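Me: I should like to learn how to read a structural model. Please take one feature at a time.

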There are 2 protein chains.
Amino acid sequence: MKKPLLQIALDQTDLSSALDAAEKIAPHVDVLEAGTILCFAEGVRAVSELRSRYPGHIILADLKAADAGAVLAELVFSRGATWMTLICSAPLATMQAALDTAKKYSGDVQVELYGDWTFEHAQSWLAMGITQAIYHRGRDAQAAGKGWDRDDIERVEKLSRMGMDVSVTGGLTPEDLRRFRGIPVKCFIAGRSLYDCPDPAKAAGEFKTVIDSEWT
Amino acid sequence: MKKPLLQIALDQTDLSSALDAAEKIAPHVDVLEAGTILCFAEGVRAVSELRSRYPGHIILADLKAADAGAVLAELVFSRGATWMTLICSAPLATMQAALDTAKKYSGDVQVELYGDWTFEHAQSWLAMGITQAIYHRGRDAQAAGKGWDRDDIERVEKLSRMGMDVSVTGGLTPEDLRRFRGIPVKCFIAGRSLYDCPDPAKAAGEFKTVIDSEWT
């Protein structure tokens with residue numbers, strides 16, 4: 001089974017703090033995410049700056065696009081994004097437009113699963129050629145005290161069996177990763193736990209150690 | 001019945017074009033919207049620039065926030081936004097966090113209705129104190145040929161009867177507005193039809209004429 005990648009979500013409210021965090025953590029992760037907060041705070045120049053500094057990384061623009069799929073995709077893929085996110089409630093026409101634009105740039109889109117999405121929705125995304133989704137325990141849901149439970153793991157597993165490459169995010173600790181053992185998770189996404197710590201390299205290493213031991 | 005307001009969505013991909021459009025149209029509209037495209041293209045300085053130029057207007061930051069409600073709300077309300085949008089699939093915790101932050105600034109939030117939202121969802125938003133929603137015919141849905149139909153009008157009417165102040169958007173022509181007669185629509189939102197035309201004042205006037213004749 002392919003090893004899950006490690007992704008860092010950069011969700012600072014100013015670009016220079018985001019770039020400082022990226023500098024510390026980039027050598028230890030596979031995917032650099034220009035988070036929604038960062039993209040709104042500073043605009044898509046966040047994507048250009050990350051691409052120019054990190055030509056070899058996968059760069060994700062986390063727009064959670066709900067509409068204007070082609071225009072938003074053009075904004076980020078023309079600036080060097082590899083992937084871009086769509087919100088699950090976006091109309092299929094928006095998803096298709098974003099996907100078509102992504103493909104022009106050899107990029108890809110990911111659907112972010114919030115609210116009342118269903119497996120029937122996931123099937124319709126797969127049918128149109130979307131193969132990536134992000135399973136989410138939102139930061140506000142975390143703050144409200146919701147932990148990872150068996151239902152979460154089962155939903156990720158079912159999406160994966162349907163043929164979706166699933167990334168997983170939401171207050172993950174290295175120990176949480178073990179619960180996804182046996183599922184070909186695309187990326188594990190962490191944020192503040194990786195850059196808001198005294199030793200980001202060590203923190204990333206703890207995630208990588210679990211990945212290496214559980215996905216062999 | 002209170003007259004619906006007229007709102008212009010600024011969805012340019014650069015700030016200077018957006019400000020040019022705003023200069024032409026601002027005297028003729030009630031609400032200036034920093035659109036999602038503009039906010040991603042240029043960041044929330046789009047909101048600050050609009051606020052500094054138009055101190056008397058309602059300014060809407062169309063973030064369609066799905067998560068991080070407090071942080072995103074702080075970003076835009078601290079820069080002078082009056083309203084901010086949330087996507088309908090956002091968790092209630094996100095909506096509550098955004099609403100609480102909005103209220104600190106005497107601002108408000110609006111829920112954008114995309115995808116499979118339900119009236120039960122709308123009831124839960126009302127129960128938590130959210131009183132504004134945006135009924136949407138998305139630009140990609142428009143491009144796919146979907147027109148305004150009787151179902152759209154009935155859904156707007158039902159939301160309104162439930163106690164929601166509903167704004168309406170999506171390729172609206174002045175003639176389309178007549179179909180909403182009898183419903184206390186909060187805002188009619190137009191975009192390119194108002195600023196991509198030889199005479200924006202005249203185009204806005206045509207909307208206002210219909211509003212004045214149908215909502216008396």
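**Reading a predicted model**

Reply: This is a predicted model. Let us begin with B:T36, which lies in helix α2 (residues 36–42) of chain B.

Me: Is B:T36 buried or exposed?

Reply: B:T36 counts as buried, because its relative accessibility is 9% and the cut-off for buried is under 20%. Beyond its neighbours within four places in sequence, B:T36 contacts A:F40, B:D11, B:D62 and B:K64.

Me: How should I read the relation between chain A and chain B?

Reply: A turn of 180 degrees, with a shift of 0.0 Å along the axis, lays chain B on chain A with an RMSD of 0.0 Å. That is the relation of a two-fold axis. In chain B, the C-alpha of B:G43 is nearest the axis, at 1.9 Å. Both copies use the same surface: 100% of the contact residues of chain B recur in chain A.

Me: Which residues touch the most other members of the largest nonpolar core?

Reply: In soluble globular proteins, nonpolar side chains tend to be buried together. Here the largest nonpolar core has 159 residues, and A:F180 and B:F180 touch the most other members. The contacts of B:F180 include B:W148, B:L172 and B:W215.

Me: Which residues of α11(A) are buried?

Reply: An α-helix has 3.6 residues a turn, so residues three or four places apart point the same way. The buried residues of α11(A) include A:A203, A:F207 and A:I211. The buried residues cover an arc of only 120 degrees around the axis, and therefore lie on the same side of α11(A). A:K202 and A:T209, on the other side of α11(A), are exposed.

How values were computed
Residues numbered from 1 in each chain as written. Chains lettered and ligands numbered in written order. Predicted model: local features only at pLDDT ≥ 70, side-chain atom pairs only at ≥ 80, totals over all residues. Heavy atoms only, no water. Least-squares fit on C-alpha atoms with pLDDT ≥ 70 in both. Contact = heavy atoms within 4.5 Å. Helix = DSSP H or I, 4+ residues; strand = E, 2+ residues; numbered from the N terminus. Buried < 20%, exposed > 50% of the residue type's maximum accessible area, 1.4 Å probe, protein only. Core = buried A, V, L, I, M, F, W, Y, C linked by side-chain atoms within 4.5 Å. Arc of directions from axis to C-beta.
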